[in-house]
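Open the model in your viewer and keep a selection box at hand. The stops below go from one selection to the next.

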Amino acid sequence: RFIAKPCAINLGIQDSGPHRAQPNAILEKVFTSITKSPDGKRLEGLSKQLDWDVRKIQRWFRHRRNQDKPTTLTKFCESMWRFTFYLSIFFYGIRFLWTAPWFWDTRQCWYNYPFQPLTSRLYYYYILELAFYWSLMFSQFTDIKRKDFLIMFVHHLATIGLITFSYVNNMVRVGTLVLCLHDASDFLLEAAKLANYAKYQRLCDAFFMLFGVVFIVTRLGIYPFWILNTTLFESWELIGPYPSWWLFNGLLITLQILHIIWSYLIIRTAYKALVRGKV
């Protein structure tokens, strides 16, 4: 409200929505109670009832559907908030982990487990991330409805489950590695969205391509060969299997499945962009 909105207005993004549909009680009732995209038979019936041309009714429904879509300004403000958080928490995580021994040697995650101290910096890093993902879980129902609503819902559930579970079981060392790795690409996607809303197409394309490279390297390269390697094999070797080991790794593998799905979508988008000339 006080930062993102003025920035958007300075970039020429107006708070104006799409063309509003002409008020009509009968069509509004059909739209809200029956269907938002009437078929040919219903269109003909409405045409006779209102003495309107079928094309005019189709246009009304199209305008009415667009009327409910969020404005570019709203989407810009939401993306700017997420960009700010992801960028801040990523640099906080890197700064914190740079001096942590388990960042350079993942076997340190399991030495003397579970009797590992929880420092205040580690605690705040964990609680901030958990609070943010809880906020995403709830705000997903009120924020802009995206096409990947269901897959994001599963992602938030798995993430909250992992953060909570690892905190309760004092697996926070490996947890910080997972969190930092995921934050590495998220702010780049939000930066690409911001550039897109501001109509800086080349900047948008550059950020998206950079995001795609970082995402695939971190989620399909570093994550399985660094994170899953230590949680599946090094932990088994150093502390042995335990009941919650299966749940912990099950959630981590669920995340990896989501990474594969998203990587496919990113590659498909990048391919389309190369063919069409823009993202």
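Select Tyr123, which is partly exposed because its relative accessible area is 32%. This is a predicted model. Now add Tyr167, also partly exposed, with a relative accessible area of 32%. The ring centres of Tyr123 and Tyr167 are 6.5 Å apart and the planes meet at 50 degrees, so the pair is tilted. Colour helix 7 (residues 120-139) and helix 8 (residues 149-168): Tyr123 belongs to helix 7 and Tyr167 to helix 8, so the pair ties together parts that are 44 residues apart in sequence.

How many aromatic pairs does the structure hold? There are 27 of them. For one more, select Trp98 and Phe103: the planes are at 45 degrees and the centres 6.1 Å apart, so this pair is tilted. Are Trp98 and Phe103 buried or exposed? Trp98 is exposed, with a relative accessible area of 52%, whereas Phe103 counts as buried at 17% relative accessibility, the cut-off for buried being under 20%. Next, show the rings of Trp81, Phe85, Tyr86, Phe132 and Tyr133, which ring pairs link into a cluster.

Move on to helix 9, residues 172-197. Place a distance between the first and last C-alpha atoms of helix 9: its 26 residues reach 37 Å, close to the 38 Å expected at 1.5 Å a residue. Turn on a surface to see how helix 9 is mostly covered, with 23 of its 26 residues buried. After helix 9 comes Lys199, whose phi is positive, near 65 degrees.

Now select Arg219 in helix 10 (residues 201-238). Why does Arg219 count as buried? Its relative accessibility is 3%, and buried means under 20%. Which side chain does the side chain of Arg219 meet in a polar contact? The partner is the side chain of Asp186, at 3.3 Å. Show the rest of the surroundings too: leaving out residues up to four places away in sequence, Arg219 touches Leu181, His182, Ser185, Asp186, Pro224, Gln256 and His259.

Stay in helix 10 and select Asn229. Asn229 counts as partly exposed because its relative accessibility is 28%. Apart from residues up to four places away in sequence, Asn229 touches Pro224 and Glu234. Pro224 is also on the contact list of Arg219. Draw a line from the C-alpha atom of Asn229 to that of Thr106: the two are 9.2 Å apart, although 123 residues separate them along the chain.

Next, bring in the record. An unreviewed UniProt entry places the feature "transmembrane region" at residues 83-103, 123-142, 149-168, 207-226 and 246-267. Select residues 123-142: the chain there is 85% helix and 0% strand, with end C-alpha atoms 29 Å apart. Residues 246-267 are 100% helix and 0% strand, and their end C-alpha atoms lie 31 Å apart.

Finish by colouring the model by pLDDT. The protein averages 87, and 95% of the residues score at least 70. Which elements have the lowest and the highest mean pLDDT? Helix 2 (residues 25-33) has the lowest, 80, and helix 6 (residues 101-104) the highest, 94. Where pLDDT is low, the predicted coordinates should not be read in detail.

Conventions. Residues are numbered from 1 along each chain as its sequence is written. Side-chain values use heavy atoms; hydrogens and water are left out. Helices (H or I, at least four residues) and strands (E, at least two) are DSSP runs, numbered from the N terminus. The expected span of a helix is 1.5 Å times one less than its number of residues. Buried means under 20% relative accessible area, exposed over 50%, partly exposed in between (1.4 Å probe, protein chains only). pLDDT is the predictor's confidence in each residue, from 0 to 100. UniProt positions are given in the numbering used here, feature names are shortened, and annotations may be inferred rather than shown by experiment. A polar contact is a pair of N or O atoms within 3.5 Å; within protein, one must be able to donate a hydrogen and the other to accept it, and residues adjacent in sequence count only if both atoms are side-chain atoms. Contact means heavy atoms within 4.5 Å. Rings of Phe, Tyr and Trp (its six-membered ring) pair if their centres lie within 6.5 Å; planes under 30 degrees apart count as stacked, over 60 as edge-to-face and the rest as tilted.
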